[in-house]
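Let's go through this one by asking how each label was earned. Every answer puts a value next to its rule and then draws the conclusion.

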Amino acid sequence: MSVAVSSRLNKAVREHYLGLPQGSQVQVTYVWIDGTGEELRSKTRTLGCEPTTLEDIPEWNFDGSSTYQSEGSNSDMFLIPVRIFRDPFTLDPNKLVLCEVLKYNRIPAESNQRHACNESMERAKEDHPWFGLEQEYTLLGIDGNPYGWPKNGFPAPQGPYYCGVGADKVYGRDIVEAHYKACFYAGVKISGTNAEVMPSQWEFQVGPCEGIEMGDHLWMARYILHRICEDFGIVATFDPKPVTGNWNGAGCHANFSTEAMRKPGGLKYIEEAIEKLSKRHQHHIRRYDPSEGKDNSRRLTGLHETSSIHDFSAGIANRGASIRIPRQVGQDQCGYFEDRRPSANCDPYAVTDALVRTCVLNETEN
């Protein structure tokens, strides 16, 4: 198992420098989504005082020709701050700032799904759409092999690993626990974590979040995870099917409700929303991974707790369906439903936008 060279640097030496006083100066790290629609970039600048609102943080720019977002002849892209988090790496008063990307003409970049999502959330805000996303991911060595797996073989078949305990059942818990605490510190609305069905695969949950904050918090949780993995010399991948064969893939299940669904008798509105979703299955499949379904087709096979990518289905407590209604929701006759189709590498803005447009704004075009 190979780990990143940088993880072998002396972290105790680093702590000496990180502990030096910084006076009134503040480090602000701008974070944005690059042209792949999946990867994150960041860079840091100094401000003269601690920012408390978005208005305190100036717009910035970057070279889009180096992030798959522009040509070199017209490369400057704008970074527009949209949400502030505390920085768990350099600590208070320093900040992480999530940004939207605009092109030279102030039009959203092609990878900027947030802009359209925010518009739909504003239109739907009277319905108070709530989301919770379950982000699955897999830990890999630098060589691309799953962390903790035998170098020239496979671990025992799936069965003992889901929510497992013990050194022979789970791999990489240190990363998971560090990520959980770092999200708390940053102000990310992380709500849980567990070991997943495939060894070295994990899940964390973010939410409930209302409207646009869902995408903001999940993207920042992903950024924090990648940064923590740097320190451990391990890679976190959101590939929907990181290991071929009889192993579970990785999704980002989306839990969704409106205020009407959460009130007594709300099951009626859940069922109405599912009916709307059944008529736009292919539209949602295209929006639920950056490759418009190609990545997810490796995962949504109808096996390993997934539905078929070609068919729409729904059921109570059915993890082999497109849409699962939790058993408790069936008993209470209100609550939420779970869309199990989004891939682990989905853009949460695209997923939440599609759900609101179909279920609340009643869009019907495929």
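A quick word on classes before the questions start: Asp, Glu, Lys and Arg count as charged, Ala, Val, Leu, Ile, Met, Phe, Trp, Tyr, Cys and Pro as nonpolar, and the others, Gly among them, as polar. By those classes, the lining of the second largest pocket has ten charged, eight polar and four nonpolar residues. Keep in mind that this is a predicted model.

Q: What makes E136, E196, H253, R319 and R340 worth picking out in the second largest pocket?
A: They are the residues nearest its centre, out of 22 that line the pocket. By class, E136, E196, R319 and R340 are charged, because Glu and Arg are on the charged list, while H253 falls among the polar ones. The space in this pocket comes to about 340 Å³. Strand 6 (130-140), strand 8 (201-210) and strand 10 (252-257) each supply at least two residues of its lining.

Q: Why is R340 called buried?
A: Buried means under 20% relative accessible area. R340 has 7%, so R340 is buried.

Q: How do you know that R340 and E338 form a salt bridge?
A: The rule asks for a side-chain nitrogen of Lys or Arg within 4 Å of a carboxyl oxygen of Asp or Glu. Here the N to O distance is 3.2 Å, so the pair passes. E338 sits at 2% relative accessibility, so E338 counts as buried.

Q: How many salt bridges does a search of the whole structure find?
A: It finds 24. Some of them share partners, and in that way R123, R287, D353, R357 and E363 are joined into one network.

Q: Why is D34 called buried while R41 is called partly exposed?
A: The cut-offs are under 20% for buried and over 50% for exposed, with partly exposed in between. D34 comes in at 1%, so D34 is buried. R41 has 25%, which lands in between, so R41 is partly exposed. The two form a salt bridge, with their closest N and O atoms 2.9 Å apart.

Q: What makes E100 and R114 a salt bridge, and what does the pair tie together?
A: Their closest N and O atoms are 2.9 Å apart, and the limit is 4 Å, so the pair qualifies. E100 lies in strand 5 (residues 95-102) and R114 in helix 2 (residues 114-123), so the pair ties together parts that are 14 residues apart in sequence. Both E100 and R114 are buried.

Q: Why is the space lined by E100, R114 and others called a cavity?
A: A cavity is a set of points where a 1.4 Å probe fits but cannot get out, whereas a pocket is an open set. The count comes to one cavity of 30 Å³ or more, and about 90 Å³ of space lies in the largest cavity. Its lining includes I33, L98, C99 and Y349 as well as E100 and R114. Strand 5 gives the most, with four residues. By class, the lining has five nonpolar, three polar and two charged residues.

Q: What lines the largest pocket, and which element gives the most?
A: There are 20 lining residues, with R14, L18, P88, F89 and D231 nearest the centre. Helix 1, helix 3 (173-186) and helix 4 (213-232) each give two or more residues. Helix 4 gives the most, with five. The volume is about 520 Å³, and the lining has ten nonpolar, three polar and seven charged residues.

Q: Why is Y17 called exposed?
A: Exposed means over 50% relative accessible area. Y17 has 53%, so Y17 makes the cut. Y17 lies in helix 1 (residues 11-18), and together with V13 and L20 it makes a nonpolar surface patch of about 300 Å².

Q: How do you know that Q333 and E259 are partly exposed?
A: Partly exposed runs between the 20% and 50% cut-offs. Q333 is at 39% and E259 at 33%, so both fit. Q333 lies in the loop between helix 9 (327-332) and strand 13 (337-339), and E259 lies in helix 5 (residues 259-262).

Q: How far apart in space are E259 and W130?
A: They are 8.1 Å apart, C-alpha to C-alpha, with their positions 129 residues apart in sequence. For Q333 and I212, 121 residues apart in sequence, the C-alpha atoms are 27 Å apart.

Conventions
Residues are numbered from 1 along each chain as its sequence is written. This is a predicted model: local features need pLDDT of at least 70, side-chain atom pairs count only at pLDDT 80 or more; totals for chains, interfaces and linings use all residues. Side-chain values use heavy atoms; hydrogens and water are left out. Patches are made of residues with over 30% relative accessible area and no salt bridge: like charges are joined within 9 Å, nonpolar side chains (Val, Leu, Ile, Met, Phe, Trp, Tyr) within 5 Å. Accessible areas come from the Shrake-Rupley method with a 1.4 Å probe; for residues, only the protein chains shown count as cover. Buried means under 20% relative accessible area, exposed over 50%, partly exposed in between (1.4 Å probe, protein chains only). On a 1 Å grid over the protein atoms alone, a cavity is a set of points where a 1.4 Å probe fits but cannot get out, and a pocket is an open set with protein on both sides within 12 Å along at least five of seven lines; lining residues have an atom within 4 Å of a point. Grid points are joined across faces, edges and corners, and a volume is the space filled by probe spheres set on the points.
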